[in-house]
Amino acid sequence: MIVEMEKLLEPFALDIRTYGNLRNILVHLKEHGKTIDDFIEYANIMQEAHIKGIAEQEKAQAEHKANSLPCPECSLLMTLRPVNIDNSTQTGDDSKSVWICGNNKCMYVEYSEKTVEQWRDEIKRRSGNG
Ligand SMILES: [Zn+2]
């Protein structure tokens, strides 16, 4: 029984943060008169929310990828924005959209005479053929 307990507690001996977290949980349960079942129920809810959060993040990334092109300089996904649609987006030419690399060290920018909608259609077509 003692050997089993030692094996269970092995990670807490090695990792001071894990140990601190476990200690906080136990103290909280004790102070609030909670049971281990209460803790497991709460942990399950947290876990579900965490998994849901990851799934939503992955979905958002997939959508971004489906509407984006890789930067020709650094190959990170770029963001497409409309230009010449109001006073703050004037470029002084016939550009209708701009690709902006999200990489701060790259800063690649490419203006285009295609509209955002035209680009979206083209990306959809390209991914459909590929
Ligand atoms: Zn780039």
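In what order do the three strands of the open sheet lie, and is their pairing parallel or antiparallel? The order is β1-β2-β3 and the pairing is antiparallel, where strands (E, at least two residues) and helices (H or I, at least four) are DSSP runs numbered from the N terminus, and two strands count as paired if DSSP finds at least two bridges between them. Before selecting anything, note that this is a predicted model, in which local features need pLDDT of at least 70 and side-chain atom pairs count only at pLDDT 80 or more, while totals for chains, interfaces and linings use all residues. Residues are numbered from 1 along each chain as its sequence is written.

**The whole chain**

Start with the full C-alpha trace, which fills a box of roughly 75 × 35 × 30 Å along the principal axes. Read along the sequence, the elements follow the pattern α-α-α-β-β-β-α, that is, four helices and three strands. The radius of gyration, taken over C-alpha atoms, is 26 Å, well over the 14 Å that the globule rule gives for 130 residues, so the chain is more spread out than a compact globule; the rule itself is 2.2 Å times the number of residues to the power 0.38.

Next, colour the chain by domain, with residues 2-65 as domain 1 and residues 68-129 as domain 2, bounds that come from an automatic or database domain assignment. The C-alpha centres of domain 1 and domain 2 lie 42 Å apart.

Colouring by burial is also informative: buried residues make up 3% of the 130 residues in the chain. Here a residue is buried if 20 or more other C-beta atoms lie within 10 Å of its own, exposed if 12 or fewer, and partly exposed in between, with C-beta atoms placed from the backbone.

**The helices α2 and α3**

Select residues 16-31, which form helix α2 with its 16 residues. From first C-alpha to last, α2 reaches 22 Å, close to the 22 Å expected at 1.5 Å a residue, the expected span being 1.5 Å times one less than the number of residues. The number of buried residues in α2 is zero, so this helix lies largely in the open. Just after α2, select Gly33, which takes a positive phi of about 60 degrees.

Move on to α3, at residues 36-66. Its 31 residues should span 45 Å at 1.5 Å a residue, and its end C-alpha atoms are indeed 45 Å apart. None of the 31 residues of α3 is buried, so α3 too lies largely in the open.

**Asn67, between α3 and β1**

Now select Asn67, in the loop between α3 and β1. Asn67 is partly exposed, with 15 other C-beta atoms within 10 Å. Leaving aside its neighbours within four places in sequence, Asn67 is in contact with Arg120 and Ile123, contact meaning that the C-beta atoms, placed from the backbone, lie within 7 Å. A distance label from Asn67 to Val116, C-alpha to C-alpha, should read 9.8 Å, although the two are 49 residues apart in sequence.

**The sheet and its loops**

Return to the sheet and select β1 (residues 78-82) with β2 (residues 97-101), an antiparallel pair joined by five bridges. At one of these positions, Pro82 has Ser97 of β2 as its bridge partner. Then add β3 (residues 109-112), which runs antiparallel to β2 and is joined to it by four bridges; here the partner of Val98 is Tyr111 in β3.

With the sheet order β1-β2-β3 in view, the edge strands are β1 and β3, each of which pairs on one side only. The twist averages 20 degrees from one strand to the next, using axes that are lines fitted to C-alpha atoms (for helices over the stretch in contact) and angles that run from 0 to 180 degrees between N-to-C directions.

Finish with the loops. Between β1 and β2, select Asn84, which has a positive phi of about 60 degrees although it is not a glycine; with 16 C-beta neighbours inside 10 Å, Asn84 counts as partly exposed. Between β2 and β3, select Met107, a residue other than glycine whose phi is positive and near 60 degrees; Met107 is exposed, with 12 other C-beta atoms within 10 Å.

Methods
Contact = placed C-beta atoms within 7 Å.
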